[in-house]
Amino acid sequence: MFRLGSLRIVQFIMAANSSSTSSKSGGKPSTPSAEQVVATFQRMRQEQRSMASKAAEFEMEINEHSLVIETLKEVDPSRKCFRLVGGVLVERTVKEVLPALENNKEQISKIVESLNTQMQVKGRELTEYRERYNIRLVGEDDKQGKADANQSKESESGAPKGGTGVLVS
């Protein structure tokens, strides 16, 4: 069974899904200002970072669960153990706790897989957004700058220019 914190996890995942789907729905607005482009890009990057942070946190929980499961497998199943449930320490036996821990570990693994999929989708969205608005990050190597210069020369020669050329720190 999920812990109380798992409700927050599900809400986090649902919020991430709704933010990515809400940005896709609706008509295309007129060309946004450079400030709006930067703000949207930074918001998208922050969403991806928070997903990565949450996934790392869950990976640590999976490792902790694995450690406890491996330890309990070597113990007599009728032995008394204690488990923290909703902030309350309850007395159980190993044979009662072990399946619950394995189930929790499996559920957390599914959540991590879901977060990783969402991070990949968000990464593709970020890449598309960067290309659409010609966003460059401060500190990108000079090779990228030279490629952008070549692209702008092509744009001057009659090809339509795509984007606003925004520089993001």
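## Starting at Glu47

Let's begin with a pair in helix H2: Glu47 forms a salt bridge with Arg43, and their closest N and O atoms are 2.8 Å apart. A salt bridge here is a side-chain nitrogen of Lys or Arg within 4 Å of a carboxyl oxygen of Asp or Glu. This is a predicted model, where local features need pLDDT of at least 70, side-chain atom pairs count only at pLDDT 80 or more, and totals for chains, interfaces and linings use all residues. Residues are numbered from 1 along each chain as its sequence is written, and side-chain values use heavy atoms, with hydrogens and water left out.

Glu47 and Arg43 sit four residues apart in helix H2 (residues 34–73), so about one helical turn separates them. Helices are DSSP runs of H or I with at least four residues, strands are runs of E with at least two, and both are numbered from the N terminus. Glu47 is buried, at a relative accessible area of 16%, whereas Arg43 is partly exposed at 38%. Buried means under 20% relative accessible area, exposed means over 50%, and partly exposed is in between (1.4 Å probe, protein chains only).

## More salt bridges

The structure holds six salt bridges. Another one in helix H2 joins the side chains of Lys54 and Glu57, at 3.9 Å from N to O. These two are three residues apart in the helix, so they too are separated by about one helical turn. Lys54 is partly exposed with a relative accessible area of 24%, and Glu57 also counts as partly exposed, at 34%.

Over in helix H3, Lys110 pairs with Glu106 in a salt bridge whose closest N and O atoms are 3.7 Å apart. They lie four residues apart, about one turn of the helix. Both ends are partly exposed: Lys110 has a relative accessible area of 45%, and Glu106 has 44%. Salt bridges with shared partners also link Arg43, Glu47, Lys122 and Glu125 into one network.

## Along helix H3

Helix H3 covers residues 94–133, and Ser114 is one of its residues. Ser114 is partly exposed, with a relative accessible area of 26%. What about its distance from Ala55, in sequence and in space? Ser114 and Ala55 are 59 residues apart in sequence, and their C-alpha atoms are 9.3 Å apart.

The UniProt record (an unreviewed entry) places a "coiled-coil region" at residues 98–132. UniProt positions follow the numbering used here, feature names are shortened, and annotations may be inferred rather than shown by experiment. In the model, that stretch is 100% helix and 0% strand, with its end C-alpha atoms 51 Å apart.

## A pair of tyrosines

A search of the whole structure turns up one aromatic pair. Tyr129 and Tyr133 make up this tilted pair, at 4.8 Å centre to centre and 55 degrees between the planes. Rings of Phe, Tyr and Trp (its six-membered ring) pair if their centres lie within 6.5 Å; planes under 30 degrees apart are stacked, over 60 edge-to-face, and the rest tilted. Tyr129 and Tyr133 are four residues apart in helix H3, so about one helical turn separates them. Both are buried.

## A nonpolar patch

On the surface, Phe82, Leu84 and Leu89 form a nonpolar patch with about 350 Å² of accessible area together. Patches are made of residues with over 30% relative accessible area and no salt bridge; like charges are joined within 9 Å, and nonpolar side chains (Val, Leu, Ile, Met, Phe, Trp, Tyr) within 5 Å. Areas come from the Shrake-Rupley method with a 1.4 Å probe, and for residues, only the protein chains shown count as cover. Leu84 has its place in strand E1 (residues 80–85) and is exposed, with a relative accessible area of 57%.
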